[in-house]
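Get your viewer ready and switch on residue labels. We'll make a short tour, one selection at a time.

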Amino acid sequence: MNHIFLLSHSYEYNHPDGYEELEDKNLGVYLTKHKAEEAAERYYKLPGFNKYPFDCFFIEEMEIDKDYGWEEGFFSWKEEI
């Protein structure tokens with residue numbers, strides 16, 4: 001098997017400073033999509049997670065031993081200040 005399944009929880013909210021912010025949490029890595037789905041069901045029952053719709057959970061199939069989009073580094077807006 002050369003794939004894994006990343007379970008995350010993500011939602012947007014209005015920050016007190018007036019901008020929208022993305023809250024994103026990686027929750028686990030699983031060998032099968034079925035196990036990731038079971039984990040999402042468990043998390044959905046927990047405080048905090050149960051305040052948001054179930055569709056805030058995301059399962060992403062990822063290939064093992066592969067780079068995922070940061071091959072050229074990154075830029076931070078904080079470095080411009």
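How many aromatic pairs does a search of the whole structure find? The search finds 7 aromatic pairs, where rings of Phe, Tyr and Trp (its six-membered ring) pair if their centres lie within 6.5 Å; planes under 30 degrees apart count as stacked, over 60 as edge-to-face and the rest as tilted. Select Y44 and F54 for one of them: the ring centres are 5.1 Å apart and the planes sit at 85°, so this pair is edge-to-face. Y44 belongs to helix α1 and F54 to the loop between α1 and β3 (57-63), so the pair ties together parts that are 10 residues apart in sequence.

Before going further, a word on what you're looking at. This is a predicted model, in which local features need pLDDT of at least 70, side-chain atom pairs count only at pLDDT 80 or more, and totals for chains, interfaces and linings use all residues. Residues are numbered from 1 along each chain as its sequence is written, and side-chain values use heavy atoms, with hydrogens and water left out.

Back to the rings. Are Y44 and F54 tucked away? Y44 is partly exposed at 30% relative accessibility, and F54 is partly exposed too, at 34% (buried means under 20% relative accessible area, exposed over 50%, partly exposed in between, with a 1.4 Å probe and protein chains only). Now add F57: its ring centre is 5.4 Å from that of F54, with the planes at 40°, so this pair is tilted. F57 itself is buried, at 9% relative accessibility. Add Y43 and F49 to your selection as well, and you have the cluster that ring pairs build from Y43, Y44, F49, F54 and F57.

Next, zoom out and colour by element. The protein chain has 1 helix and 3 strands, and from the N terminus on they run β-β-α-β (helices are DSSP runs of H or I, at least four residues, and strands are runs of E, at least two, numbered from the N terminus). Try colouring by pLDDT, the predictor's confidence in each residue, from 0 to 100. The chain averages 88, and 88% of the residues score at least 70. Among the elements, helix α1 (residues 33-44) has the highest mean, 98, and strand β2 (residues 20-30) the lowest, 88.

Stay with α1 and select A36, A39 and A40, which are buried. They cover an arc of only 105° around the axis, which puts them on the same side of α1; the arc is that of the directions from the helix axis to the C-beta atoms. Turn to the other side of α1 and you meet H34 and R42, both exposed.

Now for strand β1, where S8 lies. What does S8 touch, leaving out residues up to four places away in sequence? The list is D24, K25, N26, L27, C56, F57 and F58, with contact meaning heavy atoms within 4.5 Å. S8 counts as buried, at 11% relative accessibility.

Last stop: E12, also in strand β1 (residues 3-14). Is E12 buried or exposed? E12 is exposed, with a relative accessible area of 55%. Select L22 alongside: E12 and L22 are 10 residues apart in sequence, yet 4.5 Å apart in space, C-alpha to C-alpha.
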